[in-house]
Amino acid sequence: MFHKIADRFGIGIAIVALFVFLSVSSPHFLDIANLLNILLQVSISTIIAVGMTFVILTSGIDLSVGPLTAFSSVIIGLTLHLDIGIGIPILSGILVGALLGFMNGILIAKLKIPAFIATLGMMSVARGAALFITNGQTIHMFPSEFRFISAGNLMSIPIPVIYALVVVMIAIFILNYTKFGRHIYAIGGNKEAARLSGINVKSVETWAYIICGITCGIGAVILTGRLNAAQPIAGIGYELDAIAAVIIGGTSLNGGEGSIGGTLMGAILIGMLRNGLNLLNVSPFLQQIVIGAVIVSAVFFDQYRRSKKDSSAAKGLNRPIEAVGATKPYQ
Amino acid sequence: MFHKIADRFGIGIAIVALFVFLSVSSPHFLDIANLLNILLQVSISTIIAVGMTFVILTSGIDLSVGPLTAFSSVIIGLTLHLDIGIGIPILSGILVGALLGFMNGILIAKLKIPAFIATLGMMSVARGAALFITNGQTIHMFPSEFRFISAGNLMSIPIPVIYALVVVMIAIFILNYTKFGRHIYAIGGNKEAARLSGINVKSVETWAYIICGITCGIGAVILTGRLNAAQPIAGIGYELDAIAAVIIGGTSLNGGEGSIGGTLMGAILIGMLRNGLNLLNVSPFLQQIVIGAVIVSAVFFDQYRRSKKDSSAAKGLNRPIEAVGATKPYQ
Amino acid sequence: MDNEVILRMQDINKAFPGVQALNHINFELRKGEVHCLLGENGAGKSTLIKIMSGAHQKDSGTVLLYGKEVDIKNAHISRDLGISTIYQEMSLIPGMSVAENIFLGEEIVKSPFYIVDKEKMEKQAEEIFREMNIDINPKGLVKEMSTAQQQMVEIARSLVKKRQIIIMDEPTSSISDKDTHELFRIIRKLKGQGVAIIYISHRLQELSEIVDRITVMRDGQDIGTVNMKDVTIDQLITMMVGRTLEKMDKPVRDHIGEVLLEVKNISWGNVVQNASFILRRGEILGFAGLVGAGRSELMRLLFGAEKMDAGRILLQGAQVEIHSPIQAIGHGIGYLSEDRKRDGLVLSMGIDQNITMANLPRVCNGFFLSRKKEQLEAKNSVQALNVATNSIHKLVKFLSGGNQQKVIIGKWLLTDCQILIFDEPTRGIDVGAKAEIYKLMNRLAQLGKSIIMVSSDLPEIIRVSNRVIVMNQGRIAGEFENDGTITQEGIMPLMLGGVGNVS
Amino acid sequence: GSSGSDKPAAKADKKELKIGFVMKTLSNPFFISMEKGAQKAGKELGVKLEVQVGQEETSIEQQIAIVENMIATKVDAICIAPGGSKEIVPVLKKAQDAGIPIINIDNRIDADAAKAAGLKPIPYVGASNLDGGYLAGKYLAEQLKGKGKGKVAIIEGIQGVDNAEGRKNGAKKAFAEYKDIQIVASQSANWKTEEGLNVMTNILQANPDLNGVFCANDMMAFGAIQAIDGVGKSGKIIVTAYDALDQAKVYIKEGKMASTVDQKPDDQGYYGVKYAVDLINKKEVPMEYMVKLENITK
Ligand SMILES: Nc1ncnc2c1ncn2[C@@H]1O[C@H](COP(=O)(O)OP(=O)(O)OP(=O)(O)O)[C@@H](O)[C@H]1O
Ligand SMILES: Nc1ncnc2c1ncn2[C@@H]1O[C@H](COP(=O)(O)OP(=O)(O)OP(=O)(O)O)[C@@H](O)[C@H]1O
Ligand SMILES: [Mg+2]
Ligand SMILES: [Mg+2]
């Protein structure tokens, strides 16, 4: 894990540079409150990006995260209004996310539909379903216990930030220290080889989408609490944000390589950028230009750094040539 | 080319099935006017999907097609108002598309930024730039010659349909009967092998993005004429439509395999579906569910058919090598 | 019970699109024997073992393990039945460590939470490597290993747990003689423990060292099973190809002309250091060396696939700039890479399109591709090189390894290059095809083309080349004119880094 | 399918009228209540509505396709809330040429574009976004502690969209009438609640002394309210918004919001359909019917 963060040193430098720039140019940026704000604002996108990392590591993609989140949120909203406490609503929101993720997984792993198409279809279906069951209406006003547990503060730390941290830690643990995690990497690295090694490719792949669905469900809990509203049209554009965070963090769209640490950095970079541009009250038109340019530059810088490192490695400068003298001569 | 259409027989069947269903269930579907409507409505998305096919065949992706189209459209709108005739505006719109495509190409082929990030950045930058130079305002009212040439009718055939057909034909020709086209496939199939075979990978890759930019420019000409307006916010969601058409048409996101014929079928499937749902007056929420479900089913059906075909061909006829010389080249 | 039959395959059939890969095959494997599968490229050897390993499903027939019928639906079941497989095409995960690859699918876990026990896996991997007497870092990433090291990792995978059957599909095609030696030692030891081994190889000379019985296959049929001690290599070849092969000519020298290429002081990190050599017209120049000696890298630099740190290249006395393969090809240099799947072929394309890929102008009418010309050229190549296929449109991913190699050769022959660099051209190629490739190289040399052949097969180098250059640790260690007197024993010390007698 | 209605129109043997009712989207409560009004009129007048919308508010091309399809299916009249005031003109010309009467609701068709295209005059039912924005801005200014004095912010809708620009400009016009009002931030939250929350949080961070905010729709205001709640300034920062959603009225009662502009979408829908039927029946209709804008306050 930590060597992987070091791998993503280029993005780290970009984050630090942006941080310094914003500290200097906005008097409010360095306030503890603002830094916590940034973390709060990226908590949902980080959690979903974690799920997306699992999917992309298997060389898949999930375009349906936005509608999945909206659908979960709507389910949470509807069940909260049944007055059956807050436990069942929260659980059912997360379960619904898992279920839709499972359906994605079945379409992709079992029925062999390309992930792009399967999740594009799910995107459309889940959005339509969320609108259908609410008749397009937002559901408002939830119990304060729910709002506290989903989006309150614990000793002035926003609870969503804590959730995001926990999700990140669990994901790091799963990917690095469990069999399942290693199989995720293996499948993304070489699906055929993984199959020939006796790995149950279909099941691992399906689980990646289930996990992504679960993160959408968790995201939905936080979102519903933060907005004090469950909207069927929530989460538009989540997929691009999540995928961007994952790839900025150095995970390859071809799968097999990447890390949660990188994803976290990617999400923070995007969040910090948006926050800073708001603080500086940059014209909204220019904001888009700046965001695009900064993301591309950060990745370019990271790429450049790594290619430097790689080319010296390729020449074997930091690797001993086989110690031939030590081997026994043959015949 | 035609054997490739046959490859996509599954999608063909899906299209026919949908066609029959809609003919039976809506009395207006089979009207010539309606069929022309469908073609007109898919003309822009088909043209852009053709450009996208080039990009995806090289195993790239272009998320910026929507904003590129908007930016080109705005340029066309601004130059049309300079009263310098309609030739220069049309040309500059297409050139601007090519230029932005070229920038995508440089970022990806030369600076090695992952296509997803590079074009995501471009998406943001081009959108911001289009809004910036127009100050968010729509430009409207163009000379009637322009409107005729971009979106009029020729003997009751909508001119955009003709453009789309021409673009499709040229693309089929380029991909199947030129060196460049072959190089596109080779690069998508195995970039390193292509490089070691003396193919100028960077240049071919860059050209794929330029071509995609050009198709956006052509799309912008039609769009500007059709709307009689140039909007900086045009083209939202184009990327998903175009990519969906390409992949429904059987082109692999990994590159190297696919065809324009498939893309055309993908675009028509989507267009026919939207048209039919409108004609049947399906509730808008349900429409989304149906669209998602039909797209996934069509691709599933196609996939299933092909896996069947593969296994039956396995038991099949051995074509002796000697016979090859005798077969006519398929044109 | 020495003769106990562990595995019996009866009347196995398997078809792929357009080809009957296995045609009523019968095969039996006894306890503690090394059983070799022999046959030309595309004979169906890999297909047969893939049915045992669960990678492919048979169309019909029965598989009996210890007399009991088994249904090997997937790789997992095969392994649970005690069968371990080393595939011909490497099946490692490049981004993962060596230890993780070795234990892939059967990771060692510890409580709580079934955490993967990295340390234990790394320690066990280290032990396996020590047992194999090779030096590989279990923590290193597979993608940073050379082909040979990766092959050793593949072999190590089959030694993780005790198995009854180990299948090895061309394990020695890309490793050094020293590692081959170690592998044989391990095979003998396993055999002593009663493990049955199925062994596939095209290196006929090595068979006598370890093999007990041989089953010969041809065109998907089994020709027969013989005891190794009862047959000669020539008899085996006759069984394989269905005819006797003509004897190989000695390298001819009389057509060698003036110096065509001069390479001066090429360096690249410490992989290639200060390498200089010359190449004459019509000459076959062999490059010998141990795995990782830097031969491939030197060739890639010469071909412009990599940018050299220092050095000059002179063609017919004039200095030329080569910074990319395009320039190299422009100067008439062609390169057949050693890893054909990674660097040589576009697997998703047909044979025809791969063959014309490096010289499309040749099949163009002006600006346009001529499918007619393309098919003609491809058909000619396929016939000239004897590629086993039923159609020139067949996707190369469906060809057997040896036939894939022939397609690459066809591609470069179509370019009219004056200098052709063959990097391990006969890796994984059957005897018949090998002989054809040698003949081809000879013919090309006689036509005035210059050929560089990098090979780890020392007898091959001595047999084919007019001159031999030896590399060691990135440096050129020596050079021999092949006047018929050089021997393996003469070259070996230089390869190992000793001081040699440069003639 | 056009048959099968079990509720025959007033005149028994007359064919049931079919009116195309086109809106921007249905994922916005504004249009849902507009549809309700329209359906009410449809029931009363015994006509069948074909309700069609784009995927998003900006999906103008989809709207054009919808109108094209309606021309093909020969609806008796079209009642449309255009996604773009100029872009829709060419296809409406086609509809007129096909003899289909049109009523324009909500977003007014651009007069110049209509004239240039040779469109016959189209009756309009709606409300002015500029006026509404002005109303909300004016009220905000008056409600400020210092009466026309203080720091305010604007949260805009999707940039470049007619109603977003209209509302923003209306509010700006109102603020400009007070020399002591300073607009410290104007940022877009793309009509979305979540973005409203994040953007408002950031604006508050940069401007802790903010006195009021105008949100171009209620959805964004809901987010802004959560942000203000988050810094414990509920009720202290004046929030005015637009659309008069039910929830907004709840917030106004609670004192978390000051006002919201009611554009009477249900009335717009109702009169749109009513006048469309009148047009079909060759009755006279007013060329302009402005529903009364109402600024709902406590
Ligand atoms: N997946 C596949 N799809 C289609 N055809 C295949 C496939 N795998 C193998 N074949 C064909 O089956 C035949 C047998 O191939 P196989 O790989 O078993 O040969 P082999 O004896 O291992 O040859 P080599 O010595 O070159 O490795 C060949 O004609 C090959 O083209
Ligand atoms: N792409 C690469 N990345 C990292 N190291 C490499 C790469 N290619 C080669 N090397 C290393 O460079 C050294 C020289 O390798 P090279 O392939 O030139 O040797 P060779 O003599 O051709 O032997 P081989 O039989 O392995 O091909 C080896 O140590 C090898 O591991
Ligand atoms: Mg084989
Ligand atoms: Mg080599």
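1. Start with chain C of this predicted model. Four strands there make an open sheet, running in the order β2-β1-β4-β5 with antiparallel pairing. The two edge positions go to β2 (19-30) and β5 (68-69) of chain C; each has a single partner strand, so one side of each has no neighbour in the sheet.

2. Now look at how β2(C) is held to its partner. Strand β1 of chain C, residues 5-16, pairs with β2(C) in the antiparallel sense over 8 bridges. If you want a pair to click on, C:R8 has C:E28 in β2(C) as its bridge partner. Helix α1 of chain C (residues 45-53) packs on this sheet and touches β1 and β2 of chain C, its direction making about 115° with that of β1(C).

3. Two backbone spots in chain C deserve a look. C:H24 isn't a glycine, yet has a positive phi of about 50°. That histidine, C:H24, sits in strand β2 of chain C, and its relative accessibility of 44% makes C:H24 partly exposed.

4. The other spot is C:Y66, also with a positive phi of about 50° and also not a glycine. C:Y66 is in the loop between β4 (60-65) and β5 of chain C. With a relative accessible area of 41%, C:Y66 counts as partly exposed.

5. On to chains B and D. How do helix α11 of chain B and helix α2 of chain D pack, and at what angle? α11(B) covers residues 201-227 and α2(D) residues 60-72; they pack at about 60°, with their axes 12 Å apart. The two helices, α11(B) and α2(D), are therefore oblique to each other, and α11(B) passes α2(D) in a left-handed crossing.

6. Which residues do the touching between α11(B) and α2(D)? From α11(B) they are B:L223, B:R226 and B:L227, and from α2(D) they are D:I60, D:E61, D:I64 and D:E68. By type, the residues of this contact split into 4 nonpolar and 3 charged, with no polar ones.

7. Last, helix α3 of chain D (residues 89-97). Its buried residues are D:V89, D:P90, D:V91, D:L92, D:A95 and D:Q96. What covers them comes from two chains: the cover includes α7 (144-151) and α11 of chain B, along with α2, β3 (77-80), β4 (102-106) and α4 (111-117) of chain D. So α11 of chain B turns up twice in this note, against α2(D) and in the cover over α3(D). Just after α3(D), D:G99 takes a positive phi of about 80°.

Methods:
Residues numbered from 1 in each chain as written. Chains lettered and ligands numbered in written order. Predicted model: local features only at pLDDT ≥ 70, side-chain atom pairs only at ≥ 80, totals over all residues. Heavy atoms only, no water. Pairing = 2+ DSSP bridges. Contact = heavy atoms within 4.5 Å. Axes fitted to C-alpha atoms, helices over the stretch in contact; angles between N-to-C directions. Parallel < 35°, antiparallel > 145°, perpendicular 65-115°, else oblique. Left-handed = near helix turned anticlockwise from the far one by under 90°. Nonpolar A, V, L, I, M, F, W, Y, C, P; charged D, E, K, R; others polar. Buried < 20%, exposed > 50% of the residue type's maximum accessible area, 1.4 Å probe, protein only.
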